[in-house]
Amino acid sequence: MRFAALTPALLLCALPAAAVDLFHDDFSRFAPGLLSAPLGQLNGAIQEYHYIEHRGVRPHPWRNPIVHLDSWAAGDEDAKPYLEQHLINSEPGRVNPLFVTGDPLWRDTTVEASVRPLAVKGPGGSSAAGIVFRYHTSRHFYLLAFEDGARLTLRVKQPIEREFRKADWRALAQAAFPYDTKRYYKLKVENDGPRIRAYVDGKLLLEASDIEILNGQAGLMADMPARFTDFHVSAAEPAARAIHTAIAQRERDLQSARAALPAMKLLRRIDTPGFGAGKNARFGDLDGDGHLDMLIGQNVPKVRGDAFDHISCLTAISLAGPRAGQILWQHGRPNPKNALLTNDVPFQIHDLDGDGKAEVVLVRDFQLQVWDGATGKLKQKSWMPDAAPDNKETPYAINNGDSLAFFNFSGKGPRDILIKDRYRWFFVFDQDLKLRWTGEGQTGHYPYPYDFDNDGKQEFMIGYSLWDAAGKPRWSLDKQMRDHSDAISIADLSDANPTTGAKAGPRIYITGSDEGFVVLEPDGREFAHVRLGHAQTQSIGKYRPDLPGLQIMIANFWRSPGIVTLFDRDARILAQEELTPGSTHLEPVNWTGDGREFALLSANIREGGLIDGQLRRVVTFPDDGHPDLASQVLDLEGDARDEILVWDQHSIWIYTQDTPFTGTRIYAPRRNPHHNGSNYRATVSMPGWK
């Protein structure tokens with residue numbers, strides 16, 4: 001996440017002792033109360049694939065990196081404003097409630113704040129409270145803190161874990177310091193290159209030298225309730241000038257990169273009054289006119305908020321061509337209260353019977369149904385299988401499904417239907433809706449197909465297991481992996497050998513929630529395992545034209561949301577930054593048509609846009625009032641370059657490039673088929689030209 005460059009007027013505000021004030025806040029602008037609103041049934045998972053800038057109070061220029069925790073509240077004590085971390089952290093060390101500000105290029109700064117710990121030890125262990133500095137991401141920063149009522153510590157958090165769900169901290173220094181929960185202490189840390197000097201109430205207590213991170217943002221952290229006031233960041237005048245120069249150069253470089261790319265241009269707007277939704281839509285040519293249409297689903301979360309949603313209304317609208325913006329048909333009664341969700345819902349658009357016309361295939365009212373794509377009329381239906389009697393997650397006698405995908409198990413094309421529940425069983429039906437076989441395992445969120453043996457029939461990964469087209473598991477790592485798979489891709493990301501034309505072969509790439517990033521060989525051997533936090537979404541594209549092959553981009557969510565990491569095919573980290581307040585699909589965008597791709601963060605005008613392989617926000621959205629809740633990347637105009645759909649419950653806005661393509665050939669990557677849409681699928685963009 002980037003903030004605007006600090007202005008010279010702010011940087012050159014002189015303080016005594018030849019210091020320059022970079023930032024100062026007494027928190028008086030925050031009204032008493034929570035700075036974010038708890039979400040209730042629609043839990044924090046709403047930000048796994050929806051953009052929400054804040055929930056309640058816009059804290060800018062501060063931000064709460066752990067957006068799914070409602071950690072921060074403002075108040076007054078003896079008529080003096082304070083900011084309080086008010087939650088008990090049940091996982092201290094692993095996740096840290098944070099409040100940060102500033103610029104990543106801050107360097108050689110002094111950071112200070114008055115801190116009052118309100119506890120000495122919590123049920124989860126540590127009760128650390130203090131200031132953070134040289135902040136890179138929520139998994140990589142320095143901390144000066146009071147701990148456990150007894151000591152002052154100086155530590156640095158490591159971005160990669162060595163063990164499952166166990167944070168790595170590297171200790172730099174500590175000193176005995178019994179503290180009182182009834183008073184404030186003035187914490188101060190001075191940075192001078194690698195040198196660190198830490199003070200309490202003006203007394204130097206700790207010193208260290210460390211070069212792991214030399215610059216970064218600053219802020220507050222507490223694992224147990226604690227209050228903060230008078231936060232202040234300053235730098236000596238030469239350091240402040242160097243910071244200003246570095247920020248100005250970065251902004252010039254960024255503006256130059258942006259000027260070289262097509263800008264966003266609004267193509268059309270479509271209103272969706274009453275029947276709109278969030279990230280719950282599918283795309284395909286429903287009416288056979290050669291243009292993509294959009295099927296918008298509303299749903300009712302039942303039993304609990306993210307496992308047993310029931311489709312309440314489906315609305316089909318045209319996106320392009322002469323009927324653009326028209327409602328084609330609607331099934332069910334729309335209700336704007338049913339717009340959002342935090343899970344998958346089983347419905348797709350696909351030519352199931354191969355007659356050249358699209359159908360809608362879905363699970364509704366415990367039945368697998370097929371509707372005519374052009375009219376929405378029911379064509380056939382079949383009951384879903386009974387729920388397993390020992391499955392504690394299923395409240396119904398009949399399974400209601402979680403997500404739906406089409407695979408080619410027969411050799412006749414993607415006519416076989418796989419429906420999974422959450423998270424144990426999956427069911428395979430043929431195109432006549434007859435149940436063929438059932439599988440059991442750690443299903444994760446969404447399966448992925450690949451024909452490994454080139455026999456015209458697809459195998460598929462579901463969870464951490466590879467199954468063949470006949471319903472037999474070839475191998476399984478389900479019992480070894482302790483958290484479910486969020487997104488799976490299978491692809492050969494290598495370049496062809498210039499002499500032989502041969503490629504290295506496919507690998508299986510899994511974002512495995514708290515297991516991190518897992519790379520497997522086709523025979524199930526583990527090639528790499530990078531514990532970078534809760535790995536949520538992934539995409540594959542040509543993000544770095546200067547490097548061989550394709551790259552994998554991953555976004556974190558739970559306990560470390562918004563961290564985006566770029567890997568090469570061998571799981572080597574190429575770049576990592578904290579870019580967005582939630583997660584993001586990072587869909588590849590063929591914006592220029594010249595062979596390089598960009599990734600879509602969101603449609604927000606400040607925190608969204610398209611990022612390049614250096615994780616720079618190089619294409620931005622105009623400040624024109626458009627929605628930014630949900631987004632999708634599609635080629636709607638047929639020139640191979642992508643358009644970007646952005647929408648909320650009320651309207652859809654479609655953006656395209658403001659300049660035409662002028663090259664002699666255009667990049668036309670091959671993407672996931674539209675008929676396998678999911679809020680959890682990995683987006684794979686394989687090279688192609690036309």
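**Exercise 1: a strand pair and its sheet**

Find the residue in β20 that is the bridge partner of Leu295, and then place β20 in its sheet.

*Solution.* Step one: the partner of Leu295 is Ala316. Before going on, a word on the ground rules. This is a predicted model, in which local features need pLDDT of at least 70 and side-chain atom pairs count only at pLDDT 80 or more, while totals for chains, interfaces and linings use all residues. Residues are numbered from 1 along each chain as its sequence is written, and side-chain values use heavy atoms, with hydrogens and water left out.

Step two: look at the whole strand pair. Strand β19 (residues 293-300) runs antiparallel to β20 (residues 310-318), with eight bridges between them. Strands here are DSSP runs of E with at least two residues, numbered from the N terminus, and two strands pair if DSSP finds at least two bridges between them.

Step three: widen the view. The sheet is open and has four strands in the order β18-β19-β20-β21, paired antiparallel. At its edges are β18 (281-284) and β21 (327-332), each of which pairs on one side only. On average, neighbouring strands here are turned by 15° against each other, direction ignored; the axes are lines fitted to C-alpha atoms, and angles run from 0 to 180 degrees between N-to-C directions. If you colour side chains by face, remember that in a regular strand they alternate between the two faces of the sheet.

**Exercise 2: a hairpin with a glycine**

Which residue in the hairpin of β24 and β25 takes a positive phi?

*Solution.* Begin with the strands: β24 (residues 367-372) and β25 (residues 378-383) pair in the antiparallel sense over five bridges. One bridge to check by eye links Gln367 to Trp383 in β25. Now walk through the five residues between the strands, and you will meet Gly376, with its positive phi near 80°.

**Exercise 3: backbone angles in the loops**

Where do Pro61, Tyr423, Arg559 and Leu586 lie, and what are their omega or phi values?

*Solution.* Take the cis peptide bonds to begin with.

- His60 and Pro61 are joined by a cis bond with omega of about 15°, and Pro61 sits in the loop between β3 (33-34) and β4 (72-77).
- From Arg422 to Tyr423 the bond is also cis, with omega near 10°; Tyr423 belongs to the loop between β27 (416-420) and β28 (425-429).

Then turn to positive phi outside glycine.

- Arg559 has phi near 70° and is in the loop between β39 (551-556) and β40 (563-567). Arg559 counts as partly exposed because its relative accessibility is 24%; the class covers 20% to 50%, with buried under 20% and exposed over 50% (1.4 Å probe, protein chains only).
- Leu586 has phi of about 55° and lies in the loop between β41 (573-578) and β42 (588-589). At 0% relative accessibility, Leu586 therefore counts as buried.

**Exercise 4: empty space**

How many cavities of 30 Å³ or more does the structure hold, and what volume has the largest cavity?

*Solution.* Rolling a probe the size of a water molecule over the atoms shows where empty space is left. On a 1 Å grid over the protein atoms alone, a cavity is a set of points where a 1.4 Å probe fits but cannot get out; a pocket is an open set with protein on both sides within 12 Å along at least five of seven lines; lining residues have an atom within 4 Å of a point. Grid points are joined across faces, edges and corners, and a volume is the space filled by probe spheres set on the points.

The count is six, and the largest cavity has about 190 Å³. Its lining has 14 residues, of which Lys279, Gln632, Gly677, Ser678 and Arg681 are the closest to the centre. Strand β18, an edge strand of the sheet in the opening exercise, gives the most to this lining, with three residues. By class, the lining has two nonpolar, eight polar and four charged residues (Ala, Val, Leu, Ile, Met, Phe, Trp, Tyr, Cys and Pro count as nonpolar, Asp, Glu, Lys and Arg as charged, and the others, Gly among them, as polar).

**Exercise 5: a pocket**

Which element gives the largest share of the lining of the second largest pocket?

*Solution.* This pocket holds about 490 Å³ of space. Of its 22 lining residues, Tyr448, Pro449, Arg671, Asn672 and Pro673 are the closest to the centre. Two or more residues each come from β30 (448-450) and β34 (487-491), and β30 has the largest share, with three. The lining divides into 12 nonpolar, five polar and five charged residues.
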